[in-house]
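Visitor: I am new to this structure and would like a close look at a single part of it. Could you please take one helix and walk me through its surroundings with care?

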Amino acid sequence: MIDKAAIEKAVRDILVALGDDPDREGLKETPRRVASMYEEVFEGMNYSNDDIASMFKKCFETGTDDLVVEKDIPIFSYCEHHLALMYNMTVSVAYIPHGKVIGLSKIARICEMVAKRLQLQERICNDIADIMQKVTDSDDVLVVVEGEHSCMTARGIKSRGAKTKTAAVRGLFRGNLALRQEAYSLMK
């Protein structure tokens, strides 16, 4: 569980280290607000991939094995290297259901919960793919994440507008180039 009291103390210490007065009017409540924000935006840190799969394992028998794609799911996360915001992120998920489909809102919820951790974009892709495999009992999953990273756009090189795309390719999508291309075309 997230230790809000420890976060409040740490934020207060950071304000002092920055040379500001944490008791001044504009900053008095900042440690508490940051601790509450962190509790919300890092909720996913309380759960393993198995926990998330259990939370959202809501599938329906359909008899279909046709390709399913859900695209442009908005998320944001925080880079584990700088605690910097990863933003303007979208996730697209494709899978072959093998007779069982997941509720569409559950895919978005899985993506959101995975993003609510200190993350790397590559790990977000892989975690979502891992959870989708567990929930749907399908090895055939493709996940694409695109996003901007403030650790690169707002500091350092300041390469504004640079986007990173990552993909986790599993099962039939790995070996069947035509299927992978079909999924990618539906994600556009």
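Guide: What follows describes a predicted model, and the part to look at is helix α8, which is made up of residues 177-187. Within this helix, Leu179, Ala183 and Met187 are buried. Because these three cover an arc of only 80 degrees around the axis, they sit on the same side of α8. A general rule of helices helps here: an α-helix has 3.6 residues a turn, so residues three or four places apart point the same way. Turning to what lies over that side, the elements that cover the buried residues of α8 include the strands β2 and β3, the strand β6 (141-149) and the helix α7 (172-175). The face of α8 turned away from the buried side carries Leu177 and Ala178, both of which are exposed. At the start of the helix, Asn176 has a side-chain oxygen that comes within 3.2 Å of the backbone nitrogen of Ala178, the residue just named as one of those on the exposed face.

Two of the covering strands, β2 and β3, also lead to a pair of backbone details in the loops beside them. The loop between β2 (68-79) and β3 (85-95) contains Leu83, whose phi is near 55 degrees, a positive value in a residue that is not glycine. In the loop that runs between β3 and β4 (100-102) lies His98, which likewise is not glycine and has a positive phi, near 50 degrees. His98 is partly exposed, its relative accessible area being 44%.

Definitions and conventions. Residues are numbered from 1 along each chain as its sequence is written. This is a predicted model: local features need pLDDT of at least 70, side-chain atom pairs count only at pLDDT 80 or more; totals for chains, interfaces and linings use all residues. Side-chain values use heavy atoms; hydrogens and water are left out. Helices (H or I, at least four residues) and strands (E, at least two) are DSSP runs, numbered from the N terminus. Buried means under 20% relative accessible area, exposed over 50%, partly exposed in between (1.4 Å probe, protein chains only). The arc is that of the directions from the helix axis to the C-beta atoms. Contact means heavy atoms within 4.5 Å. A polar contact is a pair of N or O atoms within 3.5 Å; within protein, one must be able to donate a hydrogen and the other to accept it, and residues adjacent in sequence count only if both atoms are side-chain atoms.
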